[in-house]
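User: I am new to this structure and would be grateful for a close look at one part of it. Please describe the surroundings of the ligand.

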Amino acid sequence: MIIKMKKNAAQEDIQKVLNRISEAGLSANVSTGESLTIIGVIGDVTLLRPDLIEEISGVDAVMRVSRPYKLVSREFNPVDRQIKIGSITIGTGNFVMISGPCAVESREQMLSSARIVKRVGADLLRGGAFKPRTSPYDFQGLGEEGLKYLKEASEETGLPIVTEVTGEDKIDIVLKYADVLQIGTRNMRSYDLLKKIGERTKDSKIPVLLKRGDNATITEFLNAAEYIAKEGNENIMLCLRGIRTFECGKFVRNTADMGIIPVLKRETGLPVIFDPSHSSGDRDLVLSYSAAAVAAGADGLIIETHCDPETASCDGKQSLAENQLVQTFKLCRRIRECLVQEKAYSW
Ligand code: PEP
Ligand code: MN
């Protein structure tokens, strides 16, 4: 249920509404805009009689939430969310570049790749220590040893770490090192993992980068985010990384879904990150995919980079070398400046 207050409603009327909600044993989410307050009711709303809310002066309308996901929907919480990681801000007009290798392979590889990422001016460092691979014979990641190399690279460069949690048994160990928890495509539907991550991070509110399942609808994707939010952590970034269609495999690894960026931005206030690396599977396509995603209003990009892409043990074909990363960043920054100048979007 959403309660829309009249323009410039008195604070005491807002308080009356909040009291009635708490008397019913429910909780509320209050979004305060410049002149408009919207109150979202959380819990079993059948316990709350809409007519008893409607009669409070200052209430404009009482509406049912039409979306199955609530906390992450703009309908329920219309504000643009902002995520802070140290001095870095994501969302509400702040753009971030995340880059690094697909997997942490060795100390040297991680440090050299991180130095590239730093030189190029990215904001966050990525790298997988636990790798969910399609084949059990492929490199599975270095585990905690990899997290240690990531940490060393992070300390040297000052870049916060984004790294994947592949299972419930990995949450604690990854939390020891990570600044952002990544949940991969394959785990978007691991509901127990989503719940556990929400529960374990409800106090720290460490940001979570949730990737879209490669065959998930937008509704399924947002419901997955809701699982985390419902447990108490709403610091979620939504990451589009391409989906499976009939056009996957031969020319492109996935079908890029950057057309969904403005749809997500309309549907939710959460920051939207685009992954041109897994969307394309081809380093020669990363520049144009990145440019298109930035133009579509993405709040950030996550791009795979490697100090020596030819030798990478994971996703080398889609990993950029330093010169390509420089070119990509340069173009994306210019597009972004243009969007800001033109006031193309709400930020
Ligand atoms: C990755 O980021 O390296 C990764 C495994 O991504 P995805 O979950 O999108 O396949
Ligand atoms: Mn990868």
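Analyst: The following account treats the ligand, the residues around it and the pocket that holds it.

This is a predicted model, in which local features need pLDDT of at least 70, side-chain atom pairs count only at pLDDT 80 or more, and totals for chains, interfaces and linings use all residues. Residues are numbered from 1 along each chain as its sequence is written, chains are lettered from A and ligands numbered from 1 in the order in which they are written, and side-chain values use heavy atoms, with hydrogens and water left out.

Around ligand 1 stand C102, R126, K131, E164, Q182, G184, T185, R186, K211, R241, H278 and E304, each having a heavy atom within 4 Å of the ligand. By class, this shell holds 1 nonpolar, 4 polar and 7 charged residues; Ala, Val, Leu, Ile, Met, Phe, Trp, Tyr, Cys and Pro count as nonpolar, Asp, Glu, Lys and Arg as charged, and the others, Gly among them, as polar.

Three side chains in the shell place a polar atom by an oxygen atom of ligand 1: that of R241 at 2.6 Å, that of R126 at 2.8 Å and that of Q182 at 3.0 Å. On its own, ligand 1 has 300 Å² of accessible area, of which the protein covers 97% (Shrake-Rupley method, 1.4 Å probe).

Ligand 1 takes up the space of the largest pocket, with more than half of its atoms within 2 Å of the pocket's grid points. A pocket here is an open set of points on a 1 Å grid over the protein atoms alone, where a 1.4 Å probe fits, with protein on both sides within 12 Å along at least five of seven lines; lining residues have an atom within 4 Å of a point. The largest pocket contains about 410 Å³ of space, a volume filled by probe spheres set on the points, which are joined across faces, edges and corners. Its lining has 23 residues, and P132, R186, R241, R253 and H278 are the closest to its centre. The lining comprises 3 nonpolar, 7 polar and 13 charged residues.

Note on methods:
A polar contact is a pair of N or O atoms within 3.5 Å; within protein, one must be able to donate a hydrogen and the other to accept it, and residues adjacent in sequence count only if both atoms are side-chain atoms.
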